[in-house]
Each structure stands twice: as C-alpha cells, then as structure tokens.
Amino acid sequence: PVVVRAKIREIFMPALSSTMTEGKIVSWAAAEGDRVAKGDAVVVVESDKADMDVETFYDGIVAVVLVPAGESAPVGAPIALLAESEEDVALAVAQAQALSSGQPQQEAPALSDAAASPPPPAAPVAAAPAPVAAGTKGVATPQAKKLAKQHRVDLAKVTGTGQFGRITPADVEAAAGIQPKPKVAPTPAAAAPVAAASSVRAVPQAAVLPPVPGATVVPFTAMQAAVSKNMVESLSVPAFRVGYPILTDKLDALYEKVKPKGVTMTVLLAKAAAMALAQHPVVNASCRDGTSFTYNSSINIAVAVSIDGGLITPVLEQADKLDIYLLSQKWKELVKKARAKQLQPNEYNS
C-alpha cells in the first residue's frame, strides 16, 4: 500500500551567532493561520548579539506557534509548525500536542541545571594605577618622604629606582644605611590554609544567596547573559599591562581639524591602533596550538558600544587601509545599527 504522509514542517530556532545557545522570540510576523511563502520573515529572534528576522524555507500555513513572543527556546528546538495545506492544519495541531506532552521530560534537565548553578559572581574590578606624569625624577612617594624625615635623609641626594625615577621607601632606607629586612617565606603548613582559602574563594559556591528584602528580580536578557558569561570567562585569561606617558599635542591638533567634519576621538584611536598593528604584526598574531604563530592578514578593530541593556563590540574591518573619513562614516553606521540591534553577524564576529 502507498502511504501518503501529510507534510508538516518544523520552524526551528536558528543559530544566529557562533556563541548563541538560546534565542528569545521578540515577535511573530506571522500569526497562526497565516499563509507564508519561502523567504518570508516569520519571526524576530533576539540572540546574544542582535535582533534578527528569521525567514521560512518552505511555503505553507503557520499551523501552530510553539514558542510565543517573550519566551525562549534552545537553538535547534522547534518554535512553530508549518502545514502544507488547510487539511494538514489539524494534524499539525495534534503533533503540537504530542510535542507539548513530551516537553517536560526534555526540559527537566535544563531546569535542574539552571537551578543548580547560581549566577556567576561579580568580577572583581582592580583599581587601575594612577598614571604617572613624565618628569618625576626626584619626586618621592609619601612613605619615602616620611622615612626621609625620620632618618634625616636629603631627598635631593637620593637616586630613585621607582617608575620614572620616583624615590621609593627602599631608596631612602638604602641612603640611611638601613639593611632591608629579609622576607620570611611562609612554611608549608602556614601556606596550606592560605592556598586552601584562596581556592575556596576562587570556586563559585553552590549555595544560593538569600533573597534581598523588598528587591525585584529581573532575569538577564540574552545579551546580558552573554556579557556576564564572557566577563567571567575573561578572568581565566592571563593579562598584563605595559604603559608609558605620551604627549598628545599632535593628536589634539589633528582632532581639532577633523572634529568639525564629524570625526570622533574614538575613530582616531581606532585608526592609530590599526596603524600600530600594521607596524608590529606580531601583536596581531596568536598562538593557537602552542607550537606556532598565526599572523592575521586583516587588521580589524573592535570597539565596545554601550546599548540599552548591555554592550556589543562592532568591528571596523581593514581599519588600517581606510582613511579617517571613511572610517568615521563606517563607525557611525555600525553604532546606529548596534543601538537598533540590527548588526549582522559579520559586523561583530570578524
């Protein structure tokens, strides 16, 4: 016997970015019962980066909306059913009921995981050292001045070994003939509790924090969840900073010239970074396998943009090859798209 199957197709939650694991339905452009054609935008999905229209790959009738506006679904999960004809709508409704009856078993592990893992702790913000101006030779730190007064040391005759020739307390003690105290290394027994305590602090606690009286809990948006996840993961990346003071007279003069034409300081700094990378390609390289360097052929500069409810980093591609006026025009377009949540994946992934 020939078995004729009704053509019920599923509309799935797409992966709109490489880091997207879940999407939120912003709105449905097509309601249940509407007939749609291949290529029509049927739903607007909020990813961790932007809001994007999702098109259907088939002709048909939107029989059942499985995930209404305002709710989320994992990537690859069905969010609607598409029937080929009016006769197939009833079968699609029956299929949706079958899916909904099996939904708790599928969602139970996800819910338990979410309940078991508390929100990541806030990343500690290290206080940035205050910039030291050039020409600090002969200038002493407050502690060094105090020691110099106690030991009657003339600071004018002391050579500083600190940053930019700054006189440190050790310099004053050396000038006064005071031997530095030897640092006593902690014993293994004493170091063990400290190491254990630091490791305990480093591991997120499984206990759920008590509720704050009178507070209102608002869940993260998809973008805020991605930002939080990336910020916590960034703590595992080794970081170091090297800096020195520079005079920006020429930069300031250039900025005053191009400012009336709409060029911002952000664009000038992005251009300067791109030109520096062109001169020092090793800074634009990466070590991916531990045995070799990968030199990037393109110089793309990402700049953070604050938007409502989060932030995103649009990318100025080939920033070293564009002049500042084209770069400024491109940057304005990217900022406008970012704040309207209309960036395409290639505009923030490259």
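**Exercise 1. Pair strand β2.**
Task: In which sense do strand β2 (residues 22-28) and strand β7 (residues 72-74) pair, and over how many bridges?

Solution. The model is predicted.
- Step 1. Take β2, residues 22-28, and β7, residues 72-74: their pairing is antiparallel and runs over 3 bridges.
- Step 2. Fix the register at E22, whose bridge partner in β7 is P74.
- Step 3. Turn to strand β4 (residues 41-46), which pairs with β2 over 4 bridges, in the antiparallel sense.
- Step 4. Anchor that pairing at W28, which stands opposite V43 in β4.

**Exercise 2. Follow β4 into β5.**
Task: What do β4 and β5 form, and how many residues lie between them?

Solution.
- Step 1. Count the bridges: β4 and β5 pair over 5, in the antiparallel sense.
- Step 2. Inspect the connection: 4 residues lie between β4 and β5, and the two strands form a hairpin.
- Step 3. Set the register with V45, whose bridge partner in β5 is M52.
- Step 4. Read the side chains along β5 (residues 51-55), which alternate. M52 and V54 point to one face and are buried. D51, D53 and E55 point to the other face and are not buried.

**Exercise 3. Order the open sheet.**
Task: In what order do the 4 strands of the open sheet lie, and which are the edge strands?

Solution.
- Step 1. Write the order: β1-β8-β6-β3, with antiparallel pairing.
- Step 2. Mark the edges: β1 (8-12) and β3 (35-36) each pair on one side only.
- Step 3. Check the β3 end: 2 bridges join β3 to β6 (residues 60-65), and these strands run antiparallel.
- Step 4. Locate one residue pair there: V36 has G60 as its bridge partner in β6.

**Exercise 4. Examine a lysine.**
Task: Is K271 buried or exposed, and how far away is the nearest side chain of opposite charge?

Solution.
- Step 1. Place K271 in helix α8, residues 265-279.
- Step 2. Classify K271: it is buried, the cut-off being under 20% relative accessible area.
- Step 3. Look for a partner. The nearest side chain of opposite charge, D320, is 6.6 Å away. A salt bridge needs a nitrogen-to-oxygen approach within 4 Å, and K271 has no salt bridge.
- Step 4. List the contacts beyond four places in sequence: A319, D320, K321, L322, I324 and L327.

**Exercise 5. Find a nonpolar patch.**
Task: Which residues make the nonpolar surface patch of about 450 Å²?

Solution.
- Step 1. Name the members: V282, V283, F293 and Y295 make the patch.
- Step 2. Place F293 in the loop between β9 (285-286) and β10 (294-295).
- Step 3. Judge the exposure of F293: its relative accessible area is 56%, so F293 is exposed.

Notes. Residues numbered from 1 in each chain as written. Predicted model: local features only at pLDDT ≥ 70, side-chain atom pairs only at ≥ 80, totals over all residues. Heavy atoms only, no water. Patch = residues over 30% accessible without salt bridge, like charges linked within 9 Å, V, L, I, M, F, W, Y side chains within 5 Å. Areas by Shrake-Rupley, 256 points an atom, 1.4 Å probe, with all protein chains shown as cover. Buried < 20%, exposed > 50% of the residue type's maximum accessible area, 1.4 Å probe, protein only. Pairing = 2+ DSSP bridges. Lys, Arg positive; Asp, Glu negative; His and termini not counted. Contact = heavy atoms within 4.5 Å.
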